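Student: I am new to this structure. Please take me through one part closely: the places where side chains meet rings and where helices pack.

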Amino acid sequence: VLASYRMGDLLSLIVEADHPNEVLHSDFKSLVSIIDAEVEEWMVRLKTEIERVPELELVIARVKPRHAIKSLLINKLSHDQYPNQNVLLMQDLGSQRVLISARRQDFKVAMNTLMEKAIVGLPTATGGGHIPAAAASIRKEDEEKFIQNVKRILSTELTPA
């Protein structure tokens, strides 16, 4: 995420290491610390900034992180804080797109179906994935329409079992 140009160095370190501690205590550890710090920063912010829709078991987090931590954040949110909820993490890319990750750890609502249905009618949108984990990409201007679609679909079509 932070130093993709060093991927070869990291792979060599892993392959040549005699013990996992060689990797864990290498200079790559400082990069992990940077990512961990931003994940923790967002987890603290989201305690007050997250949107909850209890009647739909829906949680919506909007983030604009400095680094590519969307997957780390959604996994922590869905595993640690909202395991039996429909969790959407919407990452503002600062351009014209929003990336969405969707999780539901108890499999009661198919996130792939939710994403596929929620993007219908949204130009250039893409979406899909698996039952517990899916994703979508939409135009920034379609963000509110997407959320409305999600709420409508959850309330009429994909209610938890």
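Tutor: Start with Arg 6. In this predicted model, Arg 6 lies over the face of Phe 28, at 4.2 Å from the ring centre. A second arginine does something of this kind. The charged end of Arg 45 sits over the ring of Trp 42, and the distance to the ring centre is 4.1 Å. What about rings paired with rings? The count of aromatic pairs comes to zero.

Now use Trp 42 to move on to the helices. Trp 42 is one of the H3 residues that touch H4. Helix H3 covers residues 29–49, and helix H4 covers residues 70–81. Two numbers describe a packed pair of helices: the angle between the axes and the distance between them. For H3 and H4, the axes come within 10 Å and cross at roughly 55°. An angle from 35 to 65 degrees counts as oblique, so H3 is oblique to H4. The crossing is right-handed.

Look at who makes this contact. From H3 come Ile 35, Val 39, Trp 42, Met 43, Leu 46 and Lys 47. From H4 come Leu 72, Leu 73, Lys 76, Leu 77 and Gln 81. Sort them by class. Eight are nonpolar, one is polar and two are charged.

Next, go further along the chain to another helix pair. Helix H5 spans residues 111–118, and helix H6 spans residues 143–156. Their axes lie 9 Å apart, and the packing angle is about 130°. An angle over 145 would count as roughly antiparallel. The angle here makes H5 oblique to H6. H5 and H6 also cross in a right-handed way.

Which residues meet here? H5 brings Leu 114, Met 115, Lys 117 and Ala 118. H6 brings Phe 146, Asn 149, Val 150, Ile 153 and Leu 154. By class, the contact of H5 with H6 has seven nonpolar residues, one polar and one charged.

Finally, step back and place these helices in the whole chain. The chain has six helices and six strands. Read from the N terminus, the order is α-α-α-β-β-α-β-β-α-β-β-α. Find H3 and H4 in that order: two strands stand between them. Two strands also stand between H5 and H6. As for overall extent, the C-alpha atoms fill a box of roughly 55 × 30 × 30 Å along the principal axes.

Key: Residues numbered from 1 in each chain as written. Predicted model: local features only at pLDDT ≥ 70, side-chain atom pairs only at ≥ 80, totals over all residues. Heavy atoms only, no water. Axes fitted to C-alpha atoms, helices over the stretch in contact; angles between N-to-C directions. Helix = DSSP H or I, 4+ residues; strand = E, 2+ residues; numbered from the N terminus. Parallel < 35°, antiparallel > 145°, perpendicular 65-115°, else oblique. Left-handed = near helix turned anticlockwise from the far one by under 90°. Contact = heavy atoms within 4.5 Å. Nonpolar A, V, L, I, M, F, W, Y, C, P; charged D, E, K, R; others polar. Phe/Tyr/Trp six-rings, centres within 6.5 Å; stacked < 30°, edge-to-face > 60°. Lys NZ or Arg CZ within 6 Å of the ring centre and 35° of its normal.
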